[in-house]
Amino acid sequence: MSDDSNRPIIIKKKKVSGGDGHHGGAWKVAYADFVTAMMAFFMLMWLLNATTEKQRKGLADYFSPTIAIARVSGGGDGAFGGDSLAAAETLANTGRGGVLELPALEISTDAPEAAEVGADGGADQDALDEVLQGLVGKGGDSLVEELALKHITAKMTDEGLVIEITDLEGSPLFDETENQPTEVLKVISQILVESFELVTNRVSISAHSSAFPGVLRTKPAWQITTDRAQATRILLEEVGLEEARVARVVGFGQTETSPSDPMAVENNRIEVTLLRNPPKK
């Protein structure tokens, strides 16, 4: 019987090489990025399928807040074409793209001191531009304000800063039975008056109507627009506009409607214009 106690003990060290090598766990990061991208892709596909065209335009505008004013005109052409503060069904007539829906609206009760304009054309233009940029930079603090801003379009003309307020489907500016301002128009009036505190320019108010059927014996558009222009003046004065700043109040009837669809609701609109100050002599 052999004696094993004297045998030498041999210890073998086995070197195990890993499969990670120099790249370590980098594949995990790449895989996580891939999964995130796929999730974003499927969310995009779901949004495209679950939303309307108007909602998709709203989403696009949310991620493009620096686009200049440009929605679709609520009615009319030429000098009364108008560009919107929020995305619309189609691009603006001017071709500047679809809008700003818009950076955030901040309604402040501490308005800056009114700018003294009119010393020269440049100062007047700068003041009007300041009001325009103030409107562009607004965003609703409430759902009502957000909905109200969708009614507003604006553009600079030789006459001054034209702010166009239009009816939208399901959201009129005036009650159809009593012809009284709705809550939306009241909110818009508050927004405008607060913006107008930046300047001392006078204000022009005009109302327009969509076309009525030709079979009607009398056309009520003249009386309707006259009443609505006066109601808008009263509303603006109630929320703080000085009476002395109102230069004129006009009802245009249905004389300036969209050629493509004279009976479209967007032709029902109010135009509030900050008039340029006459040059000082």
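## The centre of the sheet

Strands E2 and E5 run antiparallel to each other and are joined by seven bridges. At one of these positions, Leu-161 stands opposite Leu-274 in E5. This is a predicted model, so please read every value below as computed from predicted coordinates.

On the other side of the pairing story, E5 also partners E3: six bridges join the two, and they run antiparallel. Here Ile-205 is found opposite Val-272 in E5.

## A strand that is out of sight

How many of the residues of E5 are buried? Seven of the seven are, so the strand is largely enclosed by the rest of the structure. In a regular strand, side chains alternate between the two faces of the sheet. E5 can be read in that way: Arg-269, Glu-271, Thr-273 and Leu-275 point one way, while Ile-270, Val-272 and Leu-274 point the other way, and all are buried.

## The whole sheet and its edges

Stepping back, the open sheet holds five strands in the order E1-E2-E5-E3-E4, with mixed pairing. Which strands stand at the edges? They are E1 (152-156) and E4 (246-251); each has a single partner strand, so one side of each is left without a neighbour in the sheet. On average, neighbouring strands are turned by 15 degrees against each other, direction ignored.

E4 finds its partner in E3 (residues 203-208), and these two pair in the parallel sense over five bridges. Ser-204 stands opposite Arg-248 in E4, and Arg-248 will come up again among the salt bridges.

## Helices against the sheet

Helix H5 (residues 183-196) packs on the sheet and touches E1, strand E2 (160-166), E3 and strand E5 (269-275). The direction of H5 makes about 165 degrees with that of E2.

Helix H6 (residues 221-238) lies across E3, E4 and E5. Relative to E4, H6 runs at about 150 degrees.

## Salt bridges

A search of the whole structure finds five salt bridges. One of them joins Arg-248 and Glu-159, with the closest N and O atoms 2.0 Å apart. Because Arg-248 lies in strand E4 and Glu-159 in the loop between E1 and E2, the pair ties together parts that are 89 residues apart in sequence. Both partners are partly exposed: Arg-248 has 35% relative accessibility, and Glu-159 has a relative accessible area of 33%.

Within helix H6 there is a pair made by Arg-233 and Glu-237, whose closest N and O atoms are 3.2 Å apart. Why are these two separated by about one helical turn? They are four residues apart in H6. Glu-237 counts as partly exposed, at 22% relative accessibility.

The side chains of Glu-256 and Arg-269 also meet in a salt bridge, at 4.0 Å from N to O. Glu-256 lies in the loop between E4 and E5 and Arg-269 in strand E5, so this pair ties together parts that are 13 residues apart in sequence. Is each partner buried or partly exposed? Glu-256 is partly exposed, with a relative accessible area of 22%, whereas Arg-269 is buried, with a relative accessible area of 1%. These two residues belong to a network of salt bridges that links Glu-164, Glu-256, Arg-269 and Glu-271.

## A nonpolar patch on the surface

Now for a look at the outside. Trp-27, Tyr-31, Phe-34, Val-35, Met-38, Phe-41, Phe-42, Leu-44, Met-45 and Leu-48 make a nonpolar surface patch of about 1000 Å². One of these residues, Met-45, lies in helix H1 (residues 26-50). Met-45 is partly exposed, with a relative accessible area of 37%; patch members need over 30%, so Met-45 meets that cut-off.

## The chain as a whole

In total the chain has six helices and five strands. Read from the N terminus, the elements run α-α-α-α-β-β-α-β-α-β-β. Of the 281 residues, 39% count as buried.

Among contacts in the chain with a separation of 6 or more, 73% come from residues 24 or more positions apart. The chain exposes about 16700 Å², and carbon and sulfur atoms supply 57% of that area.

How values were computed. Residues numbered from 1 in each chain as written. Predicted model: local features only at pLDDT ≥ 70, side-chain atom pairs only at ≥ 80, totals over all residues. Heavy atoms only, no water. Patch = residues over 30% accessible without salt bridge, like charges linked within 9 Å, V, L, I, M, F, W, Y side chains within 5 Å. Areas by Shrake-Rupley, 256 points an atom, 1.4 Å probe, with all protein chains shown as cover. Buried < 20%, exposed > 50% of the residue type's maximum accessible area, 1.4 Å probe, protein only. Pairing = 2+ DSSP bridges. Axes fitted to C-alpha atoms, helices over the stretch in contact; angles between N-to-C directions. Contact = heavy atoms within 4.5 Å.
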